[in-house]
Amino acid sequence: MVRKTYSTIGRTTRRKDGVSKVTGREIFASDVVLPQMLHARVLRSPYPHARVVSIATAEAEAMGAVCLTPSDCPAWLYNERQVSIPEKTYRDRTVLPETARHVGEGIAAVAAKTEALAEQALGQLAVTYEPLPSVFDPWEAMAPEAPRLYKDIFLGDVVLPIERNIACFREMREGEVEQGFRESDVVVEQEFRTGRVYHHQMETKGVVCRPEPDGGISVWPTAQSIHNVRQLLGRIFNIPLSKINVHRIPIGGSFGSSIQMNTCIAICAALALKAGRPVRLVLTREEDLYDHCKYPSLIRLKFGVKKDGAIVAGEMTTVVDIGAHNIQAYPLLGCMAGWFVSLYRMPHMHFQGTAVYTNKAPACAMQGYGNPQVSFAVESLIDVIAERLNMDPIDVRLKNYVGLGETFWGQGPTVRSVIRSCGVEEMLQKGKDLIGWESRNRPEARSGRFRRGIGVGRSFHTSGTGAPMSGEVIDYSTALVKFNEDGSVDCLTPLMCHGGGTLEALTKIVSEETGVPLSKVEISPADTRSTGYDVCTHATRGVYCGGASARRAAQQARGILLQFASRILEVNPEALKIRPDEDLGQGVIYLEGAKGKSITVGEVAKTAQIKSWGTAIAVVSHRQVNCPPCFVTNFIEVEVDTETGRIRPVRAVAAVDAGTVINPDLAAGQLEGGLCRGIGLALLEDTDYDPRSGALTCGGNITDCKIFTALEMPLTEDVATFFAETEEPSGPFGAKGVGEAANNCTAGAVANAVANALGLRFTDAPMLPEKVLARWTDYLREKRGA
Amino acid sequence: MKKTEVCLTVNGVTHHLGLSPNALLLNVLRDELGLTGAKYGCGTGQCGLCTVLVNGRAVLSCLTLAVAVDGADIVTVEGLSRPDGSLDPIQEAFLDHGAIQCGYCTPAMVITAKDLLNRNAHPTEPEIREQIEGTLCRCTGYLSIVRAIKSCGDRAGAPAPRPSPMKKSR
Amino acid sequence: MNTRILKAEFDYFAPASIGEALALIAQNGPTARFIAGGTDLLVQMKLETVAPGCLISLMKISELSVLKREKGFLRIGAAVTWDRILAFGSEDRSYPALDDAVRCLGKVQVRRMGTIGGNLCTASPAADSAPALLVYDSRVRLVSARGRRTLLLDKYFLGVQQTARAADEIMTEIRIPAPRPDVGGAFQKLARVGADISKISCAVAVERKGRVCVSCRVAMGAVAPVPLMIRGVPEFLQEKTVTASLLVTAGRMISDEIRPITDVRSTAEYRKQVAGVLFRDVFQKAWTRAGGEP
């Protein structure tokens, strides 16, 4: 297809926040300093499950510390994530709990003049605990005699009893799955696991809160949604939203770790309100490791297929160990079902998901929200089908993938839309050539100590959670665009950028739409008092949804500007166009084919101001009524050292169908970063608990829980990235998302590459050398025995 | 606790500070001098985000006692750009190669790279990877950072092309 | 615990001579500790596993930063940082096992800060320098108010973070005998990721004549409470013609000899399983370096 050409969209440019980031001048939450600011520390439970009987604060207070205990905090139960509609929001926690449900759960806090003083005061808090029996395994937790984490919680405004520690359960059916399996020629079934991965965002969560003289509060948090932080603080502390100002501040990586209003924000706000002074609370790494993790998965997956490879039926059963709080398990299960049904067509399907409380750090969203877990299972089993039918794995994929014109579940069963752009086939074909798929051998042809194998994995992610009807999840964005009196443009939006270039993309979208050169379009600092609502930068929605709202605001402001221009040029506004003039540093308004009928944007805006016509400004709240999938494909070659069990990724191709690519270098960077994290999910990352103490075996330090370093990645010349040539009709200038999609297919591709290398399939990630070597040794023994 | 006078020359400016022995260089830079480019990432020497140059050598400021570097010449990321605001070539390279995402590791990555380029004007890719192995980045997968550092050695003014299509098989 | 700050208060001294340092440790009582690069001790203090009331830095004592060849030895002052040893090694090339170890024992920042003496005083069973120094038959020199003494490194490690060094004793230097000609050395480790603590490590120094192993020394890290000299294999390989099957047997002997545990980094079973192959890899590298065909 022939791509449209744009003046700004798709051009590689230096990111606008680059200079401040590369010079160390970017201010993150942990860098914020305010006059009179106190430093806070949180006392954390050493027990996995214990009732806090009493906390004596006198000695800490005698040191001058402000102390916060559960009795100082509102009793209202909250859920830190505010993306689901209220009646689907599970509320099980308070600012400080009276019962600690995992090691590291905050139970009291202090604020003092220095961090050292706060640390000393913390040591003076005398706590009496009543340890309670605890449970760490989700299966044990579901046993009738197991210790219970909760008697009841709230679902919306309704009391919800919790039985057998089951936080929630979802089941979905389409067609008749049993009949589907009966009609199948081949049925394959396996169990898959992925680890309890720590987000490992490089900035630990933090916040600065300043109480205001009017009884309100100002907040600088690590957060993916400033508006949700405001709403929750307003509800918890009973402060009118008009008096709560949450500022957008750059975040040092998120990957889902700040999709919710992190608990440290509520604690810090309570401390600031009590102290009457600004308070900064920044988690230490060891606190952060006990704060959140990715949802681990245990998936039982079954496919029934015809001899020609056509999938007839699919069944997925999953148990998710959510840890001590139900942050977003209900939408997670819906999404897992959605990811499952939207990868490959299956006339008959059945999904069953159970989320279980245990006494571990709570799990929350992490890049892909169940999709890396589901895709790991599905992509692995698709290769098993190919092996069983003696088909090329790519052919099985091409035969069954959900593509153009078909229905896609963007965010569970209530968020569905029709696919209108699809680069699946293009990515498979081109990727196949780049990796050298045709020369891929069968495992039986390999010998020796080091064995290489090539695997493919594909997946997708939703771009936002928009749909024709409002469902279980809220989705819209608000943006303001205005022309300044010198011809430059401000764009104001509460949308957050996690580093991937979301706001960079918005400047390009606004530049393209207004005709003003990119050098004159800036994103304004944002806070909740000056912006309309934006749900959150999550679900890979920043560019597709946030960008669409900015484009609409730009369109409207442009219309006003052209009205002004028409008065000056005496031309009907409908006939006027704007083109960017980089030399002038201006947008130029002109009438096509008419010499002399042109004027710069700056002149028009200035004239409008002098003549008191007004400002060309528009604010738009916009909901996307689609959530198109951004498809991804990885081809990965691994080398397995069969004597040490070590698996090394040696080459990779990563491709995305993101529709029109707005920031090519940053989009490629998303693919590379996703590849690295996806390989980490497959080969390295997990967090283990000691069942005797309930503590992390790594002790909460990253010393033994590190992510990949630069040494583990393939060489730069051995990694290729590319974009499918598509355009999404519903996206701003044809754009879809990239973000989360980038890591969704990677673990599956790695598993398939390992299976191709060894002839032995690993279904439980991470594939640590210890596990690989033990299985390989058994496999050789069995082979020799047989 | 008894405070001792510590003299630190940071980015060319000499400071005489009264510090306790337990003051860590990272916290002195951030809290006393307001230089927040160096970051806390783990506090245990595992992530490298606190890296600064002490007497020209990249060290971990979270594991350096300020009293132990009395008299030292210290360069933080804030000191790399020139007084007129123009950037160091390594900073330009990071901008041109999309080597920045969230930006939290960027100051440390830039300093870690600078340490290498000061000794070795034309590092190979393995040398670059070994140099930055102790500075963690969760966003980029490191490849764009490696390309940026490599381009400084190559003295290429223009951004290197994106990865060329790889060899088809081996 | 707060890894952002050093919570505990302490006195700090940076004496310029050994005499001064010994006087300070005597004056400041049992909670005084010597500190060198600080990359381990300050972490331990943050994690509150130790709480010294006084730190005496050894980094300003010029005697401890000697690095030179002398009378059949290489003398490395205890306060010499890894990057200096690496730079020396890239010129000298007499101790390739040590160079290998230094290159992978930590990231560049740690090589700039950490010292050889500090690593040996911390005495982690996984310390990467230890196996390399062991196979070169290194000695450590200690000094206290009671006098000076020299210990074979092999006799120096007593247990997990336990050594023959008394708390008031300063390690002054490490002496490595000049290797005989035809000796090759190598070191390798297995770890989760780069710049990480070893799951298991191995160093070999081998003297060869053609295809015959005249003698060899083997040491392993993270397989016992101390960095471990391997006893059986050197005797087994002595004066034997080296073949692939001979090395497989030697590797098996090593698996049998080591006594690893299961911890956060790996399992006892895995360590036993890979000890042999790690030994073979390292031996091959050392053998090639000793000259001649692999």
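In which sense, and over how many bridges, do S4(A) and strand S8 of chain A pair? In this predicted model, S4(A) and strand S8 (residues 152–155) of chain A pair in the antiparallel sense, and 2 bridges join them. This briefing takes up that sheet and a second sheet of chain A, and then turns to the contact between chain B and chain C.

**The sheet with S4(A), S8(A) and S9(A)**

- The strands S4, S8 and S9 of chain A follow one another in that order in an open sheet of 3 strands, with antiparallel pairing.
- Strand S4 (90–91) and strand S9 (158–161) of chain A are the edge strands of this sheet, each of them pairing on one side only.
- Within the pairing of S4(A) with S8(A), A:Arg91 is found opposite A:Phe154, a residue of S8(A).

**The sheet with S5(A), S2(A) and S7(A)**

- Chain A also has an open sheet of 3 strands in the order S5-S2-S7, where the pairing is again antiparallel.
- Its edges are formed by strand S5 (99–100) and strand S7 (126–131) of chain A, each of which pairs on one side only.
- Strand S2 (residues 50–56) of chain A is joined to S7(A) by 6 bridges in the antiparallel sense, and A:Val52 has A:Tyr129 of S7(A) as its bridge partner.

**Extent of the contact between chain B and chain C**

- Chain B contributes 32 residues to the contact, and chain C likewise contributes 32 residues.
- About 2,600 Å² is buried between chain B and chain C, with carbon and sulfur atoms giving 55% of that area.
- On the side of chain B, the residues that lose the most area to chain C are B:Arg57, B:Leu63 and B:Glu133, which together account for 21% of what that side buries.

**Polar and charged pairs across the interface**

- There are 3 salt bridges across the interface of chain B and chain C, one of which links C:Arg111 to B:Glu130, with 3.4 Å between the closest N and O atoms.
- Across this interface, 16 residue pairs are in polar contact, counting pairs in which both residues are at pLDDT 80 or more.

**Make-up of the chain B side**

- Strand S4 (57–60), helix H3 (106–119) and helix H4 (125–132) of chain B each provide at least two residues of the side that touches chain C.
- S4(B) gives the most to that side, with 4 residues.
- Sorted by class, the side of chain B that touches chain C consists of 14 nonpolar, 13 polar and 5 charged residues.

Technical notes
Residues numbered from 1 in each chain as written. Chains lettered and ligands numbered in written order. Predicted model: local features only at pLDDT ≥ 70, side-chain atom pairs only at ≥ 80, totals over all residues. Heavy atoms only, no water. Contact = heavy atoms within 4.5 Å. Buried area = accessible area lost by both parts, 1.4 Å probe. Salt bridge = Lys/Arg side-chain N within 4 Å of Asp/Glu carboxyl O. Polar contact = N/O pair within 3.5 Å; in protein donor to acceptor, adjacent residues only side chain to side chain. Nonpolar A, V, L, I, M, F, W, Y, C, P; charged D, E, K, R; others polar. Pairing = 2+ DSSP bridges.
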